[in-house]
Amino acid sequence: MTNINLSDAEKRYIVDGVKLGIRVDGRESLDYRQLEIETGLVDTANGSARIRLDRTDVLVTVKMEMEPPVPEEPRNGLLRFFVNCSANAAPEFEGRGGEDLATSLSSMLERVYSSPRTLDTSKLCVVPGKYVKVLYVDIEILECGGNLFDTSSLGVKAALFATKMPKIYITGEDGGELEFSVSDNPTDVDRLDVSNAPILITHLRITENLTVVDPTPEEECCGPVCVVVGVTPNGFITATQQFGGGTFTPQTLATAIKSAKDLGQKIHYHLRSKLIQEENNVDRQIKGFL
Amino acid sequence: MDIKLASELPRMRSMIPAHGSARPKLVTPGEIISHDTSFMRGHGTYMEDEIQVASVAGFVTRVNRLITVTPLRQVYQGAVGDTIIGRITQVQNKRWKVDVNARLDAELRLTNIQLPGGEQRRSSVEDEREMRALLREGDLVCVEVQKISDDGLIRLAARSTKFGKLSQGTLLAISPSLVVQDKQRMHDLPCGARVIFGANGYVYITPTVPQEQVSTYTVNFEEVPIEVRKTVGRLRNCIKLLAHHSIMISPTSVMSAYDQSIDQEYEIKDLLRPEVMQDVAVATVQKMNE
């Protein structure tokens with residue numbers, strides 16, 4: 001989403017490449033770049049993940065709070081998404097420059113997780129109608145190398161997978177006020193069931209009816225419009241949204257959504273197996289930022 | 001889609017020693033290089049109480065009695081006579097502002113370019129009005145550094161047929177310190193692509209063009225065939241991987257990496273994966289050292 005001003009000749013080269021089925025870096029239209037993922041690198045959060053895709057670098061942290069629920073859903077916990085675009089990622093994010101992107105990203109994530117078939121929020125209930133667990137998901141964009149939506153959603157899923165919430169016990173009641181004790185045993189924790197958590201797949205329309213996934217910043221300059229699709233591991237589509245000023249023909253849109261569904265299922269499968277692998281690696285060294 | 005855990009990837013890129021030399025000494029700003037006062041103070045160093053101290057992070061290089069520190073990452077400083085690549089950022093009165101990876105945008109005056117039609121034509125009022133027809137915002141130009149003003153502004157010139165607007169291709173930005181200093185900057189490589197190694201760290205890869213069409217202010221928008229695209233894509237990924245491993249970029253090293261990647265039967269998109277990148281980089285260094 002950074003603004004690079006490409007010349008007409010470069011744009012032409014990128015567009016023709018997509019037409020011929022070979023992108024500038026040799027990928028085909030449905031190829032992703034290699035993703036690097038690490039969870040549990042922030043000690044002070046309940047769950048965290050850092051995800052890198054070429055130059056895109058996103059850090060996601062999850063923190064738990066106890067709060068009263070919304071009156072309409074007294075038995076359901078809440079997920080709140082906050083996105084911060086660091087000015088280090090792109091100079092135009094300085095000040096309020098990244099706000100538009102941050103709002104669209106956080107509202108898209110909120111929408112995609114709002115479906116009841118994604119994450120079972122009733123498990124986050126502590127005392128019905130009084131206290132529920134609220135998960136604050138903070139997404140920090142550290143570097144921008146294209147395809148922010150997909151990367152962030154994968155980061156959110158990984159961070160939620162790694163989230164460990166201490167068990168909360170109700171110990172007594174004092175004049176109508178409940179008393180709690182929070183377990184400080186690091187193994188006595190609640191985990192989230194993320195087996196249905198969705199991810200986002202972006203299809204960028206480059207020209208006519210051709211779309212690509214995982215665009216580089218240069219490609220993002222060439223495509224006027226993209227469609228973001230939220231997919232769960234069983235291929236259920238929870239939300240779609242179009243960004244940008246262009247248009248899709250119905251056929252293109254249908255193909256894009258269908259391919260997002262297929263791709264999404266594959267990526268979910270990969271991500272899950274990798275996360276479990278990392279979990280089972282007992283003496284894992286945290287790599288972090290160094 | 002390929003997902004890797006951070007712990008699976010090599011913790012640090014293995015340092016590949018430079019051609020036949022011992023491991024170079026790496027210094028950080030403020031680190032003492034030498035107590036010996038008989039050495040001469042070069043770029044990237046300063047004297048403090050008769051002690052030579054590094055002012056940038058980089059490698060110490062010694063030529064006879066002169067000690068300099070070559071920075072790991074830097075912006076382009078500018079040197080008169082360099083052939084560089086720039087991107088037009090603004091069209092102003094009788095001049096263009098050009099991004100050349102330096103501290104300030106460089107300046108290219110209308111009087112300093114060779115106008116189409118006529119070797120020694122003076123620029124007229126019409127030319128001033130039609131400046132955007134020659135070069136627009138976003139266009140890439142290959143130019144020469146004519147002068148550097150006292151305030152650090154780089155003045156550019158393109159008074160020869162070999163300079164001018166660049167046609168279809170792809171741009172890579174690498175650190176200027178990685179580009180080998182060479183008189184010849186434009187190379188028609190034997191694999192069938194033309195690479196311009198800008199002294200400012202911008203590398204442009206284009207399909208080879210017949211000699212008579214080289215550099216005018218019109219661009220050829222013909223579709224580039226798929227075979228040429230494969231060559232360009234492979235070159236792009238090779239240059240990227242060499243730069244990633246801090247290997248000097250020259251036509252020899254690029255061609256060597258290109259041949260290595262073909263010999264080892266890597267596909268173009270394979271060259272985006274870190275382990276393959278490292279593999280090819282190590283093989284290239286070994287080949288170059290032979």
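Select strand S10 of chain B, residues 95-99, in this predicted model. Strand S10(B) has two faces. Trp96(B) and Val98(B) make up the covered face. Arg95(B), Lys97(B) and Asp99(B) make up the uncovered one.

**Neighbours of S10(B)**

Add strand S9 of chain B, residues 83-92. S9(B) pairs with S10(B) in the antiparallel sense, over 5 bridges. Pick out Val91(B): its bridge partner in S10(B) is Trp96(B). The two strands form a hairpin with 2 residues between them. Stop at Lys94(B) in that turn, where phi is positive, about 60°.

Now add strand S11 of chain B, residues 106-113. S10(B) and S11(B) are also an antiparallel pair, here over 4 bridges. Which residue of S11(B) does Trp96(B) stand opposite? Select Leu108(B), and you have it. The hairpin of S10(B) and S11(B) has 6 residues between the strands. Asn101(B) in this hairpin takes a positive phi, near 70°.

**Two helices of chain B**

Move to helix H4 of chain B, residues 251-263, and helix H5 of chain B, residues 274-289. Their axes come within 9 Å and cross at roughly 120°. Why is H4(B) oblique to H5(B)? The crossing angle of roughly 120° falls outside the range of 65 to 115 degrees for roughly perpendicular and is not over 145, so the pair counts as oblique. The crossing of H4(B) and H5(B) is right-handed.

Show the side chains where they meet. From H4(B), select Ser253(B), Ser256(B), Ala257(B), Gln260(B) and Ser261(B). From H5(B), select Val280(B), Ala283(B), Thr284(B), Lys287(B) and Met288(B). Colour this contact by class: 4 residues are nonpolar, 5 are polar and 1 is charged.

**Where the chains meet**

Bring chain A into view. 35 residues of chain A are in contact with 37 residues of chain B. On the side of chain A that touches chain B, helix H1 (8-20), strand S1 (35-39) and helix H5 (250-280) of chain A each supply at least two residues. Which element gives the most to that side? Select H1(A), which gives 8 residues. By class, the side of chain A that touches chain B has 11 nonpolar, 9 polar and 15 charged residues.

End on S1(A) and strand S1 of chain B, residues 3-5. These strands pair across the chains in the parallel sense, over 3 bridges. Select Glu36(A), then its bridge partner in S1(B), Lys4(B).

Technical notes: Residues numbered from 1 in each chain as written. Chains lettered and ligands numbered in written order. Predicted model: local features only at pLDDT ≥ 70, side-chain atom pairs only at ≥ 80, totals over all residues. Axes fitted to C-alpha atoms, helices over the stretch in contact; angles between N-to-C directions. Parallel < 35°, antiparallel > 145°, perpendicular 65-115°, else oblique. Left-handed = near helix turned anticlockwise from the far one by under 90°. Contact = placed C-beta atoms within 7 Å. Nonpolar A, V, L, I, M, F, W, Y, C, P; charged D, E, K, R; others polar. Buried ≥ 20, exposed ≤ 12 C-beta atoms within 10 Å, placed from the backbone. Pairing = 2+ DSSP bridges.
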